[in-house]
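Q: I am new to this structure. Please take a close look at one part of it, and then show me how that part connects to the rest.

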Amino acid sequence: MEKKEEDDTPLVGIFCLKTRQDMKRFEETEDCFILDFDPFDSFDVKKLTFTDDVREGDKDLSIIHETGQVACRDYPHPRHFCLNFPFGSTPNSSHCDLCYCYVCDKPAPCAEWTISTSHCNAYDSALWNLCRT
């Protein structure tokens, strides 16, 4: 009896990939795989922790390039959104050239920046929203 060759594609395993690194490796060799993550989600740098001390920092991570502008750094922004002087981890009275007062909507520092009501401490909350002019 003659063996008949089948024209159908043989069965192959399908891989379920968990990380973007796996995807890059399997893309070159496999035709079909399942992703257990959204490949269009951008990497969220804010979830990482950084230290100023290079000796203690993560030696495997370096941000070497950024594209585009960042709204809370490159455009006018309320003080509590400033990326140059993070609110709560730097003195609230510090500000960059593009910060403005959340209460007065004037360039920081406003007339009441550090006196009486200390507008430098203002952020989006029910209390500060009542003070806005």
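A: Start with F87. This residue is partly exposed, with a relative accessible area of 28%. Keep in mind that the model is predicted. F87 sits in the loop between β3 (77-78) and β4.

F87 has a ring partner. The structure holds 1 aromatic pair. Its members are F87 and Y123, with ring centres 6.3 Å apart. Their planes meet at 55°, so the pair counts as tilted. An edge-to-face pair would need an angle over 60 degrees. Y123 is partly exposed too, at 38% relative accessible area.

The two rings come from distant parts of the chain. Y123 lies in the loop between β4 and α3 (126-131), and 36 residues separate it from F87. For the protein as a whole, take the contacts with a separation of 6 or more: 20% of them join residues 24 or more positions apart.

Now step from F87 to C82. Leaving out residues up to four places away in sequence, C82 touches C72, H77, F87, C96 and C99. Three cysteines in that account, C82, C96 and C99, also belong to the largest nonpolar core. That core has 12 residues. The others are C101, Y102, V103, A108, C110, W113, C120, A122 and W128.

With several cysteines together, how many disulfides are there? A search of the whole structure finds 0. C96 is in none, and its nearest cysteine sulfur, that of C99, is 3.6 Å away. C99 is in none either, and its nearest cysteine sulfur belongs to C82, at 3.6 Å. A disulfide needs sulfur atoms within 2.5 Å. Both residues are inside the protein by the accessibility test, which takes under 20% as buried. C96 counts as buried because its relative accessibility is 9%. C99 counts as buried because its value is 2%. Over the protein, buried residues make up 19% of the 133 residues.

Next, look at N84, which shares the loop between β3 and β4. N84 is partly exposed, with a relative accessible area of 39%. Beyond its neighbours up to four places away in sequence, N84 touches R73 and C96. C96 thus ties back to the core, because it is buried at 9% relative accessibility and is one of the core residues. N84 and H95 are 11 residues apart in sequence, and their C-alpha atoms are 7.8 Å apart.

Now cross to the loop that holds Y123. T114 lies in this loop between β4 and α3. T114 is exposed, with a relative accessible area of 53%. Setting aside its neighbours within four places in sequence, T114 is in contact with S93 and C120. C120 is a member of the largest nonpolar core. T114 and N92 are 22 residues apart along the chain, with their C-alpha atoms 9.3 Å from each other.

The loop between β4 and α3 also has some backbone details. Most residues other than glycine have a negative phi, and most peptide bonds are trans. D105 is in this loop. It has a positive phi of about 60° although it is not a glycine. D105 is partly exposed, with a relative accessible area of 43%. P109 has its place in the loop as well. The peptide bond from A108 to P109 is cis, with omega near -5°. A108 is in the largest nonpolar core.

Another core member, Y102, has a charge over its ring. R132 lies over the face of Y102, at 4.2 Å from the ring centre.

Finally, step back. The protein has 3 helices and 4 strands. Read along the sequence, they follow the pattern β-α-β-α-β-β-α. How much confidence does the model carry? The mean pLDDT is 75, and 64% of the residues reach 70 or more. Confidence is highest in strand β4 (residues 99-100), at a mean of 91. It is lowest in helix α1 (residues 20-27), at 71. Where pLDDT is low, the predicted coordinates should not be read in detail.

Technical notes
Residues numbered from 1 in each chain as written. Predicted model: local features only at pLDDT ≥ 70, side-chain atom pairs only at ≥ 80, totals over all residues. Heavy atoms only, no water. Buried < 20%, exposed > 50% of the residue type's maximum accessible area, 1.4 Å probe, protein only. Core = buried A, V, L, I, M, F, W, Y, C linked by side-chain atoms within 4.5 Å. Contact = heavy atoms within 4.5 Å. pLDDT = per-residue confidence, 0-100. Helix = DSSP H or I, 4+ residues; strand = E, 2+ residues; numbered from the N terminus. Phe/Tyr/Trp six-rings, centres within 6.5 Å; stacked < 30°, edge-to-face > 60°. Lys NZ or Arg CZ within 6 Å of the ring centre and 35° of its normal.
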